[in-house]
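Please keep the sequence and the model side by side while reading. The paragraphs below proceed from the overall division of the chain to its interior, and then to individual residues.

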Amino acid sequence: MNRQLLSGDEAVALAALHAGVSLGTGYPGTPSTEILETFFRLGGRAQWAPNEKVAMEVALGAAFAGGRALVTMKHVGLNVAADPLFTAAYTGVSGAMIVLTADDPGMSSSQNEQDNRRYAVAAGLPMVEPSDSQEAYDFFLRAIEISERWGIPVLYRMTTRVCHSKSIVAPHPETAPATRAPHFEHDLPDRVMIPAYARPAHLRLRAKLAEIAVWGETCDLNRQVLGSRALGIVASGISCQHAAEAAPEASMLTLGLTYPLPMELLRGFAASVERCLVLEEGDPVLADALLAAGIPVEAKADVFRFGELDVARVRRILAHDLSPEAKALSGKAPELCPACPYHTVYNTLRKHDCIGSGDIGCYSLGVLPPYQVMDTLVDMGASIGVGLGLRHTLPPDQARRVVSIIGDSTFIHSGITGLVEMIYNPPPTGHVVIVLDNGTTAMTGQQEHPATGRTLEHTRTGQVSIEAVARALGIPSVTVLDPHDDPDGFERLLLERLAASELSVIVARRPCVLAAADIRRWELHATARVLPQLPDGACEPAGAAR
Ligand SMILES: Cc1ncc(C[n+]2csc(CCOP(=O)(O)OP(=O)(O)O)c2C)c(N)n1
């Protein structure tokens with residue numbers, strides 16, 4: 001089969017296609033978004049869920065039915081999906097379930113740089129980590145095998161560089177494990193996690209992990225290359241590539257299975273070299289585990305825990321060089337598009353010195369000059385809860401200035417429960433929530449969501465009405481308006497709602513300027529399948545790839 005130049009995300013999509021993944025689901029988030037978009041483009045069945053928890057549950061159901069399921073999300077998405085994740089480790093699966101977490105060390109587009117390798121340990125799930133696009137393809141097929149052999153979800157961890165860098169992939173669909181027909185078997189003790197069934201399920205989980213650990217000692221996901229005896233490097237993910245470039249003479253143990261760890265292999269490797277360095281981006285997860293097991297390895301200095309590694313930083317680690325690193329050149333600060341519909345809203349909030357309880361999306365740019373009207377930003381959906389907390393606690397003159405600002409995709413993702421809280425525990429001064437509805441998930445590249453009424457492939461489906469949800473929950477004042485067309489009307493409405501000690505939702509609706517033309521096209525062809533654009537050199541469509 002033709003070799004192709006693919007990003008890690010595209011390679012995973014191609015492997016998912018070749019593995020016969022019956023359903024790909026997820027919620028957009030950089031750097032994972034392109035996986036499902038490519039999977040659909042190649043002919044796979046892919047859909048966006050309202051949030052990561054729901055996506056995880058849908059994938060689990062598909063895997064209970066004996067299908068092969070892929071669920072994708074960015075690293076913080078796994079926090080949202082952690083509840084079903086932990087218990088799915090107990091239930092196990094009948095088919096296969098790959099939980100893909102795309103981490104963002106260095107925070108190129110995230111609010112934190114949490115290291116999701118910790119989730120493998122905490123949930124007790126095997127973790128597979130590719131270091132380039134070929135491995136992203138190969139290891140995905142192996143992850144499906146692990147998942148089906150042990151009946152366990154597998155965490156598939158990628159990071160920004162692996163997701164977005166392009167390298168050559170030689171696909172080999174003929175080696176993909178054979179698919180089985182989906183089929184339901186009643187199996188209450190395995191899938192109903194009441195305590196009486198969950199206790200033995202936990203024992204079963206630990207037994208599976210012990211078996212996988214033994215298998216991991218010799219499996220081909222972990223590779224040893226013997227070079228110089230003076231230096232040995234243990235690495236996983238993108239660090240393997242950096243190590244090969246910074247110290248080509250070193251002996252290398254690259255780990256593709258990073259949980260459970262092949263402790264005996266590691267012990268032997270460390271003993272075979274004079275200096276054994278653990279090279280890892282982010283937290284010292286591997287180094288801590290090896291040191292705790294009494295394996296004499298060297299961990300990187302703490303300063304390299306922050307941000308991405310690159311070849312220059314790896315050379316510093318090797319040389320124990322702790323001299324100050326050159327500061328990265330700061331580029332032009334991002335700003336709202338000149339014709340963005342949010343300008344009017346932010347102008348008004350600024351003019352009236354509002355206290356902005358903010359959220360995550362393009363509209364987060366309201367935190368930067370010239371507006372600086374977003375006073376808090378924590379996680380998706382937090383604007384409403386944090387806004388209510390501020391209202392409950394501030395003196396009334398300040399409380400009346402608090403406004404929650406949330407995007408349409410974010411509202412669907414995790415804003416609705418905030419409104420439920422608002423109805424249930426209303427602050428004495430009331431509250432004002434502004435939903436900035438630009439008709440798309442702009443931040444991550446214009447994905448559809450349940451309030452757009454179109455599927456991942458932009459065809460027509462059921463549509464959730466934000467204003468109807470707010471009204472149905474019992475919000476007494478719900479208004480929809482276009483802030484760009486009627487800035488004075490928006491200002492009057494905002495001042496009136498701030499003055500009233502009532503609960504209000506203002507839906508400020510106007511399409512994102514970058515998405516408006518596409519939205520018109522999708523609406524025109526809403527019943528037809530419209531293929532999304534793929535970046536140059538992306539993989540062939542399904543027919544050609546098979
Ligand atoms: C838990 C979680 N999942 C996904 C993301 C990635 N992400 C950031 S904002 C956002 C949604 C933005 O869409 P919307 O709320 O409609 O605002 P817009 O960007 O259109 O202004 C997404 C998916 C995230 N930060 N956290």
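The domain assignment divides the protein into domain 1 (4–216), domain 2 (223–318) and domain 3 (342–514). The C-alpha centres of domain 2 and domain 3 lie 46 Å apart. The model is a predicted one, and its average pLDDT is 95, with 96% of the residues scoring at least 70. Residues 530–546 have a pLDDT below 50; this stretch nevertheless has 31 contacts in the model beyond near neighbours in sequence.

The interior may be considered next. The largest nonpolar core comprises 105 residues, and the members that touch the most others are Ala 59, Ile 98, Phe 140 and Val 234. Helix α7 (residues 133–150) is the element that gives the most to this core, contributing 8 residues. Domain 1 (4–216) and domain 2 (223–318) each supply at least three residues to this core. Phe 140 illustrates the packing: leaving aside residues up to four places away in sequence, Phe 140 touches Val 12, Ala 15, Ala 16, Ala 19, Ile 98 and Tyr 156. A second core, separate from that one, has 44 residues, among them Tyr 363, Val 403, Leu 493 and Leu 503.

Two of the contacts of Phe 140, Ile 98 and Tyr 156, lead to the strands. Seven strands form an open sheet with mixed pairing, in the order β3-β2-β4-β5-β7-β6-β12. At the edges stand β3 (46–48) and β12 (257–259); each has a single partner strand, so one side of each lacks a neighbour in the sheet.

Strand β7 rewards a closer look. On one side, strand β5 (residues 96–103) pairs with strand β7 (residues 154–159) in the parallel sense over 6 bridges. Within this pairing, Ile 98 stands opposite Val 154, and Asp 103 stands opposite Thr 159. Strand β6 (residues 127–128) also pairs with β7 in the parallel sense, over 2 bridges, and Met 127 has Leu 155 as its bridge partner in β7. Together, β6, α7 and β7 make a right-handed β-α-β unit.

How many of the residues of β7 are buried? The count is 6 of its 6 residues. Both faces of the strand are covered: Val 154, Tyr 156 and Met 158 are buried on one side, and Leu 155, Arg 157 and Thr 159 are buried on the other.

In domain 3 (342–514), helix α15 (residues 342–351) may serve as the starting point. Its buried residues include Tyr 342, Thr 344, Val 345, Tyr 346, Thr 348 and Leu 349. An α-helix has 3.6 residues a turn, so residues three or four places apart point the same way. The cover over the buried residues of α15 includes β14 (355–357), β15 (402–407), β16, α20 (487–499) and β18 (503–509).

After α15 comes Asp 353, in the loop between α15 and β14. Asp 353 has a positive phi of about 50° although it is not a glycine. Is this residue buried or exposed? Asp 353 is exposed, because only 9 other C-beta atoms lie within 10 Å, and 12 or fewer meets the criterion.

The loop between β16 (431–437) and α19 (466–473) contains Thr 452, and Gln 446 lies in that loop as well. Gln 446 is likewise not a glycine and has a positive phi, of about 70°. With 18 C-beta neighbours inside 10 Å, Gln 446 counts as partly exposed. Thr 452, by contrast, is buried, since 25 other C-beta atoms lie within 10 Å and the threshold is 20 or more. Apart from residues up to four places away in sequence, Thr 452 touches Gly 439 and Thr 440. Thr 452 and Arg 117 are 335 residues apart in sequence, and their C-alpha atoms are 34 Å apart in space.

Two cis peptide bonds complete the tour. One joins Thr 30 and Pro 31, with omega about 10°, and Pro 31 lies in the loop between β2 (23–26) and α2 (34–41). Another joins Pro 369 and Pro 370, also with omega about 10°; Pro 370 has its place in the loop between β14 and α16 (382–393).

Notes
Residues are numbered from 1 along each chain as its sequence is written. This is a predicted model: local features need pLDDT of at least 70, side-chain atom pairs count only at pLDDT 80 or more; totals for chains, interfaces and linings use all residues. A nonpolar core is a set of buried Ala, Val, Leu, Ile, Met, Phe, Trp, Tyr and Cys residues joined through C-beta atoms within 7 Å. Helices (H or I, at least four residues) and strands (E, at least two) are DSSP runs, numbered from the N terminus. Domain bounds come from an automatic or database domain assignment. Two residues are in contact if their C-beta atoms, placed from the backbone, lie within 7 Å. Two strands pair if DSSP finds at least two bridges between them. pLDDT is the predictor's confidence in each residue, from 0 to 100. A crossover is right-handed if, with the strands pointing away from the viewer, the path from the first strand over the helix to the second runs clockwise.
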